[in-house]
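Work through the exercises below with the sequence and the model side by side. Try each task before reading its solution.

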Amino acid sequence: MHHVLAYDYPVLGLFWSFLYIFLMVMWIWIAISVFIDIFRSHDMGGWAKALWLFFVIILPFLGVFIYLIARGGKMAEHRAKDMQDSEAAFRQAVQDAAPVDTAAQLEKLADLRDQGVLTPEEFAAQKAKLLA
């Protein structure tokens with residue numbers, strides 16, 4: 001007697017299904033990363049980008065693997081530069097949003113003047129800039 005809810009899927013088959021799904025997700029992720037890198041590359045001209053896109057679209061596996069071999073280092077550089085740019089933008093936004101403690105900065109300037117690091121003229125210039 002065969003029940004409707006009977007489980008008829010072997011464990012090894014489940015493993016291979018998970019592996020297949022994982023590899024397909026990884027492939028999609030890599031292909032999207034290559035497309036993004038092609039479009040954000042400022043060191044390539046329009047024709048070079050068009051040829052890479054054509055190659056990646058016509059022969060996807062070969063095109064992506066050759067792109068990774070030929071320009072994998074550039075992809076890492078582009079990603080690192082984007083991260084630095086976004087971190088700099090974040091820091092600038094935080095600095096713009098943070099209130100300026102003028103009294104504390106004047107105290108630091110006075111300490112630097114008293115220690116001889118700043119001349120009285122430099123102190124006056126910095127103080128005027130701070131109070132402006």
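The exercises that follow deal with helices, a core, single residues and charged pairs.

This is a predicted model, in which local features need pLDDT of at least 70 and side-chain atom pairs count only at pLDDT 80 or more, while totals for chains, interfaces and linings use all residues. Residues are numbered from 1 along each chain as its sequence is written, and side-chain values use heavy atoms, with hydrogens and water left out.

**Exercise 1. Two helix lengths**

Compare the end-to-end reach of α1 with its expected span, then do the same for α3.

Solution. Start with the terms: helices (H or I, at least four residues) are DSSP runs numbered from the N terminus. The expected span is 1.5 Å times one less than the number of residues.

Step 1. Helix α1 has 30 residues, and from first to last C-alpha it reaches 43 Å, close to the expected 44 Å.

Step 2. Helix α3 covers residues 60-97, which is 38 residues, yet its end C-alpha atoms are only 46 Å apart. A straight helix would reach 56 Å.

Step 3. Look for a bend, meaning the angle between axes fitted to the seven residues ending at a residue and the seven starting there. Helix α3 has a kink of about 75°, centred on R71.

**Exercise 2. Buried faces and the core**

List the buried residues of α1 and of α3, and then find the largest nonpolar core.

Solution. Buried means under 20% relative accessible area, exposed means over 50%, and partly exposed lies in between (1.4 Å probe, protein chains only).

Step 1. In α1 the buried residues are W27, A31, V34, D37 and I38. Their cover includes α2 and α3.

Step 2. In α3 the buried residues are G63, V64, Y67, R71, M75 and H78. Among the elements that cover them are α1 (11-40) and α2 (46-58).

Step 3. A nonpolar core is a set of buried Ala, Val, Leu, Ile, Met, Phe, Trp, Tyr and Cys residues joined through side-chain atoms within 4.5 Å. The largest one has eleven residues: W27, A31, V34, I38, M44, W52, L53, V56, V64, Y67 and M75. Each of α1, α2 and α3 supplies at least two of its residues, and α1 gives the most, with four.

**Exercise 3. Two residues of α2**

Describe the surroundings of K49 and of F55.

Solution. Contact means heavy atoms within 4.5 Å.

Step 1. K49 is found in helix α2. Leaving aside neighbours within four places in sequence, K49 is in contact with I38, F39, S41 and M44.

Step 2. For charge, Lys and Arg count as positive and Asp and Glu as negative, while His and the chain ends are not counted. K49 is buried but has no salt bridge, and the nearest side chain of opposite charge, D43, is 7.3 Å away.

Step 3. F55 also has its place in helix α2. F55 is partly exposed, at 25% relative accessible area. Not counting residues up to four places away in sequence, F55 touches P60, L62, G63 and I66. The C-alpha atoms of F55 and I66 are separated by 9.6 Å, with the two residues eleven apart along the chain.

**Exercise 4. Salt bridges**

Which side chains pair with R40, and where do the partners lie?

Solution. A salt bridge is a side-chain nitrogen of Lys or Arg within 4 Å of a carboxyl oxygen of Asp or Glu. By this rule the count comes to eight.

Step 1. R40 meets D37 in a salt bridge, at 3.6 Å from N to O. Both residues lie in α1, three residues apart, about one turn of the helix. D37 has 0% relative accessibility and counts as buried, whereas R40 is partly exposed at 24%.

Step 2. R40 also forms a salt bridge with D82, with the closest N and O atoms 2.6 Å apart. This pair links distant parts of the chain, R40 in α1 and D82 in α3, 42 residues apart. D82 is partly exposed, at 35% relative accessibility.

Step 3. For a pair inside α3, take K81 and D85, which are four residues apart, about one turn of the helix. Their side chains meet in a salt bridge at 3.0 Å, N to O.

Step 4. Finally, D43, R71, K74 and E77 are linked in a network of salt bridges.
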